Amino acid sequence: MTILQKVRNHFINAFRELFLYHHSSLEFRAKLFAAIIAANPSAGECEYAVVAKAGLQIYDDPDRSNSLLLTVHEYVDKVTKNNGLDLDTLLADIVRDLRDLPRYSQKINVLQLRPLLDCHHDEENRIYQERMLELFTNLREEYMNGAQSFEGR
């Protein structure tokens, strides 16, 4: 990736609300990845490689995939550097987003999140991350069922 492409991607990410179609959907996915990554204090390049791969699978567009990756970096940095966001607040944001927009439950793909657990071997962190995946699975089921019953009215 050239310097010009990197600058362009950072610019687009900085102003994603203006330049990215469905930026809130991308941010929701970024929060899911960031929550799992931030639960591991020794997270590194392996996790971001998983996000990059998943981003290409989700969007099939390198620019949008890079925006996802940069947004995940942003959320993880905020959590790990105590910059106005902690892990509990991030999880509460995910739940709030689902409550406000139940269709986002379709964007929870545990199969794309699970490879993040293979990036380290700390059993305690892995258990914590598995619990988050269980939470995301339960939220997906709850809000998918709620969205279907709401649409049926």
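**Figure 1. Arg126 in helix H8, with Ala39 alongside.** Arg126 is part of helix H8, which covers residues 123–151. Like everything shown in these panels, it comes from a predicted model. With a relative accessible area of 24%, Arg126 counts as partly exposed, because that label covers whatever falls between the 20% limit for buried and the 50% limit for exposed. Look for Ala39 in this view too: Arg126 and Ala39 are 87 residues apart along the chain, yet 8.7 Å separates their C-alpha atoms.

**Figure 2. The whole chain, for orientation.** If you're wondering what the fold is built from, the protein chain has eight helices and zero strands. Reading from the N terminus, the elements simply go α-α-α-α-α-α-α-α. The chain has 153 residues, and 44% of them count as buried.

**Figure 3. The turn from helix H4 into helix H5.** Asp60 sits in the loop between H4 (45–59) and H5. Its phi is positive, about 55°, even though Asp60 is not a glycine. Most residues other than glycine have a negative phi. Asp60 is also exposed, with a relative accessible area of 69%. Next, look at Asp61: at the start of H5, one of its side-chain oxygens comes to within 3.2 Å of the backbone nitrogen of Asp63.

**Figure 4. Helix H5 from end to end.** H5 takes in residues 62–80, 19 residues in total. From first C-alpha to last it reaches 27 Å, close to the 27 Å expected at 1.5 Å a residue. Plenty of side chains to check here: the buried residues of H5 include Arg64, Ser65, Asn66 and Ser67. Further along, Leu68, Leu70, Thr71, Val72, Tyr75, Val76 and Val79 are among the buried ones as well. After the helix comes Asn82, with a positive phi near 50°.

**Figure 5. Zooming in on Leu69.** Leu69 belongs to helix H5. Is Leu69 buried or exposed? Its relative accessible area is 17%, so Leu69 is buried, given that the cut-off is under 20%. Tyr48 is the residue to find next: Leu69 and Tyr48 are 21 residues apart in sequence, and their C-alpha atoms are 7.0 Å apart in space.

**Figure 6. The aromatic pair, Phe28 and Tyr104.** The structure holds one aromatic pair. The ring centres of Phe28 and Tyr104 are 5.1 Å apart and the ring planes lie at 35°, so the pair is tilted. This pair links distant parts of the chain, with Phe28 in helix H3 and Tyr104 in the loop between H6 (87–100) and H7, 76 residues apart. Both partners, Phe28 and Tyr104, are buried.

**Figure 7. The largest cavity and its lining.** How many cavities of 30 Å³ or more does a search of the whole structure find? Just one. The largest cavity holds about 40 Å³ of space. To trace its wall, pick out Arg29, Leu32, Phe33, Lys107, Asn109, Gln112 and Leu113. Helix H3 (23–38) and helix H7 (110–113) each supply at least two residues of this lining, and the largest share, three residues, comes from H3. By side-chain class, the lining is a mix of three nonpolar, two polar and two charged residues.

Notes:
Residues are numbered from 1 along each chain as its sequence is written. This is a predicted model: local features need pLDDT of at least 70, side-chain atom pairs count only at pLDDT 80 or more; totals for chains, interfaces and linings use all residues. Side-chain values use heavy atoms; hydrogens and water are left out. Helices (H or I, at least four residues) and strands (E, at least two) are DSSP runs, numbered from the N terminus. The expected span of a helix is 1.5 Å times one less than its number of residues. Buried means under 20% relative accessible area, exposed over 50%, partly exposed in between (1.4 Å probe, protein chains only). A polar contact is a pair of N or O atoms within 3.5 Å; within protein, one must be able to donate a hydrogen and the other to accept it, and residues adjacent in sequence count only if both atoms are side-chain atoms. On a 1 Å grid over the protein atoms alone, a cavity is a set of points where a 1.4 Å probe fits but cannot get out, and a pocket is an open set with protein on both sides within 12 Å along at least five of seven lines; lining residues have an atom within 4 Å of a point. Grid points are joined across faces, edges and corners, and a volume is the space filled by probe spheres set on the points. Ala, Val, Leu, Ile, Met, Phe, Trp, Tyr, Cys and Pro count as nonpolar, Asp, Glu, Lys and Arg as charged, and the others, Gly among them, as polar. Rings of Phe, Tyr and Trp (its six-membered ring) pair if their centres lie within 6.5 Å; planes under 30 degrees apart count as stacked, over 60 as edge-to-face and the rest as tilted.
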